[in-house]
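Biologist: I am new to this structure and would like a close look at a single part of it. Could you take one helix, explain how it sits in its chain, and spell out each term as you go?

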Amino acid sequence: MKNLLEIQNAHVYIGSFYILQGISIVVPKGEVTLLLGRNGSGKTTTMKTILGIYPPREGKIVFNGEELSNLRTHEIVNKGIGYVPDTRRIFGTLTVEQNLIVSMRKGGLKGDVQERLDFIFDLFPDMKRFYKQRASALSGGQQQMLAVARALMNDNDLLLIDEPTEGLSPLLAKNLINALGQLKEFATILLIEQNFRAVSKLGDNYYIFDGGKIVHEGDNMTELIADKARVAQYLGVSIK
Amino acid sequence: MTMQRKRFSPRDYLEENPQARKILRIALVIALIIIGVLSVLAAINIYSWDGFVVKASKSLVNGLALSMLLFLMVSGFFLIFGLCDVINFAHGAFFMLGGFMGFTIYLATEAIFLDPALPFYFIFGANQFAMSVTAFIVSALGATAVMALIGGGIEFFTIRRLYGNPIAQILLTVGFMFIITQIAEIFWGPSQFSYFIIPNSQINYFFISGIFDFGGGLQFAVYRIFLIFLGLAVAGLMFIGFRKTRIGLQIQAGIEDKEMVEALGTDIRKLFTIVFMLGAGLAGLSGAVLVPWIGANSGHGLTYLIYAFVIVVVGGAHYGRFEGTFFGALVVGLSIQITSYFIPFLEDIIVFIIMAIILIIKPGGLTGHA
């Protein structure tokens, strides 16, 4: 199967607000798919729709050939989806270690933790230093590492990563994007990123959102960056 | 992974943990207030010094014992509120019913042990102490289990349908409070009747009924001292459980961010049911072990529900701080007992006076934000 995830004509309401107005997305296996667009255009809602937090009123979501639409969030996630939310949402009262343990879907307190940790420490060597600290005491960059690491505690086929570089310094952001590049070998990634130039090397395909609809899609990031009119219209960044 | 282990130093620990520093500060404040209150009372009672020492030590011991048990009950209330966002108005009724369960199970166990047709009769023989200890353990665990099942059942069959609808939850749990209270009244009569183990026990014996006598009227019921340690032990177990077990960590994480816990693959509804069972079980346990002291009484439901509210508000647990329940329980338990010895006419209202003062000067309670 070529496509790991397919969203087919999804219409999503939050309360009485009509947020996603019939979007269709294909996430090919082993590739990085970017969701671009301004704040409030429906990118995060799309992720939450995949997770079943806002189930679609109409339309289908197919993951690994299985329909997800009627499943509950934890059942969907257990099919092999890791989630790195925007604003990190780490558990501040727990330590880094406890955050990671809570995120493991299988296994006990010890169990397979070590094997996972080796992988995570390879990716984020810094984490060894603050592994035993309370998560609320971490800096923004450290919290973001933890948020990504949480999604790596399980064997996930798909990672949903929402604005990972938000609020990070340019250097930290660059390091994080490099780390995401390494993850590409292990999982398919659906990535929301405001700073789309920074992830232009990472992305294989992209979708541009505007007002709850997809207004443009493509698989050539260089072309997109060169298309200044489109960038100005939908991505709301100044052209340097 | 190898990490360098440093030698433990309390000073470094406090510097690295602002949380621990804060808790220590609050504990100190409470201790100072208690010492202050007692000094004022000492000044008033200066002409009957002996009487003062007796009353002060008794009120401290009783206050600590009550505080520990209130803490167990309220931590159940807090868990349900923290994780499930349900204000469980039936919690006091769980506590009250736990008392009756403890009482009934104790007497039933004792009756079984005393039945000559059953093998237990030969195991215990005339060893009343062993029989009573066993019956007590069975009654405490039994009341916990029964209340956990009732609490879990109520969550599973009714409250589960009402998440996200706080008004309906309040009406429902208030309804359960009345239903449970009424059921208790049908079986055991109205609140004029209190049931204690001693006159009702067939052998008229309970394993801790003695007093520590330090002379000069300085006598403490052993059971109340035992309750202090029992409360501390259960609180310690809970503390370890929350830090060292996966489910404990999941509950803590869920109190912070339910949606995220679910998005990481935990069945949050199952966790809600478990927390309801745990909360109701803790109410049942504290109700059951308090029977030898305060008795089982159908009127306790409302009284202890109100204590639970006061403890949450005073401690600041409504701001999501678990340790708030501990300090709140300490303040409520001690103030009730101190006033009952020194200013008896204030005993029934002291907790509300304290609550009003705290709400005015520190709306976030002892541990919450101002």
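Modeller: What follows is a look at helix 7 of chain A, with its chain around it. This is a predicted model, in which local features need pLDDT of at least 70 and side-chain atom pairs count only at pLDDT 80 or more, while totals for chains, interfaces and linings use all residues. Residues are numbered from 1 along each chain as its sequence is written, and chains are lettered from A and ligands numbered from 1 in the order in which they are written.

Chain A holds nine helices and 10 strands, where helices (H or I, at least four residues) and strands (E, at least two) are DSSP runs numbered from the N terminus. Helix 7 of chain A covers residues 170-183, and its 14 residues should span 20 Å at 1.5 Å a residue, which agrees with its end C-alpha atoms being 20 Å apart; the expected span is 1.5 Å times one less than the number of residues.

Which residues of helix 7 of chain A are buried? They are Ala173(A), Leu176(A), Leu180(A) and Leu183(A), a residue being buried if 20 or more other C-beta atoms lie within 10 Å of its own, exposed if 12 or fewer, and partly exposed in between, with C-beta atoms placed from the backbone. These buried residues cover an arc of only 65° around the axis, which puts them on the same side of helix 7 of chain A; the arc is that of the directions from the helix axis to the C-beta atoms. On the other side of helix 7 of chain A, the exposed residues are Pro170(A), Leu171(A), Asn178(A) and Gln182(A).

The buried residues of helix 7 pack against helix 6 (140-151), strand 7 (158-162) and strand 8 (188-192), which also belong to chain A; two residues are in contact if their C-beta atoms, placed from the backbone, lie within 7 Å.

As for the surroundings, 43% of the 240 residues of chain A count as buried. Among the contacts in chain A with a separation of 6 or more, 66% are between residues 24 or more positions apart. The C-alpha trace of chain A spans about 50 × 45 × 35 Å along its principal axes.

Elsewhere in chain A, an open sheet of four strands runs in the order 2-1-4-5 with antiparallel pairing, two strands being paired if DSSP finds at least two bridges between them. Within chain A, strand 1 (residues 3-14) and strand 4 (residues 58-63) pair in the antiparallel sense over five bridges.
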